[in-house]
Amino acid sequence: MLEPIVDLEVSAPEAHMGDISGGLAAKRARITGTDSLPGGEIVVRAQVPLSELEGYAAELKSATGGRGRYALDFSHYEPAPAPIQRRLAEAWKPRIEED
C-alpha cells in the first residue's frame with residue numbers, strides 16, 4: 001500500500017523551533033532543512049505522510065500562539081510502514097455481492 005507524502009514548510013517565531021520539530025517527529029516527518037529569517041522567524045521544511053497532518057492547523061496554532069503558518073505540496077507516494085498496512089488490511093472487509 002502506498003501513502004501520499006507531502007512537502008511541508010512551517011514558518012513560526014524561532015522560540016517555537018523545539019515544539020515544531022518535536023511535533024513533526026511524532027508525525028513520521030523527515031526534516032529536510034531549516035532556515036532563520038530576519039526578525040526571529042524560522043522556516044522548517046519536511047516531508048510528511050499526508051495522513052499524519054489531520055488537525056495540524058490547530059496543533060500549530062496552539063503550539064505557536066497563533067503565530068505559525070504552514071504550506072504543503074504533494075511530493076510523491078511511498079510504501080506505508082508494515083504496522084499501518086496490517087491495520088488497514090484488518091479494517092478492510094470485502095462486501096459479499098448478492099446475485
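Accessible areas here come from the Shrake-Rupley method with a 1.4 Å probe. The model is predicted.

**Exercise 1. Surface and charge**

Task: State how much area the chain exposes and what share carbon and sulfur atoms supply. Then find how far apart the centres of the positive and negative side chains lie.

Solution.
- Step 1. The exposed area is about 6,700 Å².
- Step 2. Carbon and sulfur atoms supply 53% of that area.
- Step 3. Count the charges: 11 side chains are positive and 16 are negative.
- Step 4. The centres of these two sets are 4 Å apart.

**Exercise 2. Fold order and overall shape**

Task: List the secondary structure in sequence order. Then decide whether the chain is a compact globule or more spread out than one.

Solution.
- Step 1. Count the elements: there are three helices and four strands.
- Step 2. Along the sequence they run β-α-β-β-α-β-α.
- Step 3. The globule rule gives 13 Å for 99 residues, and the radius of gyration is 17 Å, well over that value, so the chain is more spread out than a compact globule.
- Step 4. Check the box along the principal axes: the C-alpha atoms fill roughly 65 × 25 × 20 Å.
- Step 5. Turn to burial and contacts. Buried residues are 29% of the 99 in the chain. Of the contacts between residues at least 6 apart in sequence, 71% join residues at least 24 apart.

**Exercise 3. The largest nonpolar core**

Task: Identify the residues that touch the most other members of the largest nonpolar core, and the elements that give two or more residues to it.

Solution.
- Step 1. The core has 14 residues.
- Step 2. Those touching the most other members are Leu8, Val10, Ile20, Leu24, Val48, Leu53 and Tyr56.
- Step 3. Two or more residues come from each of β1 (2–13), α1 (17–25), β3 (41–49) and α2 (56–64).
- Step 4. Take Tyr56 alone, and skip neighbours within four places in sequence. Its contacts are Leu8, Val10, Ile20, Leu24, Lys27 and Tyr70.

**Exercise 4. Three strand residues**

Task: Classify Ser11, Gly33 and Leu37 as buried, partly exposed or exposed.

Solution.
- Step 1. Fix the cut-offs: buried is under 20% relative accessible area, exposed is over 50%, and partly exposed lies in between.
- Step 2. Ser11 sits in strand β1. Its relative accessibility is 10%, so Ser11 is buried. Beyond neighbours within four places, Ser11 contacts Glu41, Ile42, Val43, Arg67, Gly68 and Arg69.
- Step 3. Gly33 belongs to strand β2. Its value is 15%, so Gly33 is buried. With the same exclusion of neighbours within four places, Gly33 contacts Val43, Val44 and Arg45.
- Step 4. Leu37 is in β2 (residues 30–37). Its value is 36%, so Leu37 is partly exposed.

**Exercise 5. Sequence distance and space**

Task: Give the C-alpha distances for Leu37 with Pro13 and for Gly33 with Ala57.

Solution.
- Step 1. Leu37 and Pro13 are 24 residues apart in sequence, and their C-alpha atoms are 9.4 Å apart.
- Step 2. Gly33 and Ala57 are also 24 residues apart in sequence, with 20 Å between their C-alpha atoms.

**Exercise 6. A positive phi**

Task: Describe the backbone angle phi, place and exposure of Arg28.

Solution.
- Step 1. Recall the background: most residues other than glycine have a negative phi.
- Step 2. Phi of Arg28 is near 60°, a positive value in a residue other than glycine.
- Step 3. Arg28 lies in the loop between α1 and β2.
- Step 4. With a relative accessible area of 28%, Arg28 is partly exposed.

Definitions and conventions
Residues are numbered from 1 along each chain as its sequence is written. This is a predicted model: local features need pLDDT of at least 70, side-chain atom pairs count only at pLDDT 80 or more; totals for chains, interfaces and linings use all residues. Side-chain values use heavy atoms; hydrogens and water are left out. A nonpolar core is a set of buried Ala, Val, Leu, Ile, Met, Phe, Trp, Tyr and Cys residues joined through side-chain atoms within 4.5 Å. Buried means under 20% relative accessible area, exposed over 50%, partly exposed in between (1.4 Å probe, protein chains only). Contact means heavy atoms within 4.5 Å. The radius of gyration is taken over C-alpha atoms; the globule rule is 2.2 Å times the number of residues to the power 0.38. Lys and Arg count as positive and Asp and Glu as negative; His and the chain ends are not counted. The place of a charge is taken as NZ of Lys, CZ of Arg, CG of Asp or CD of Glu.
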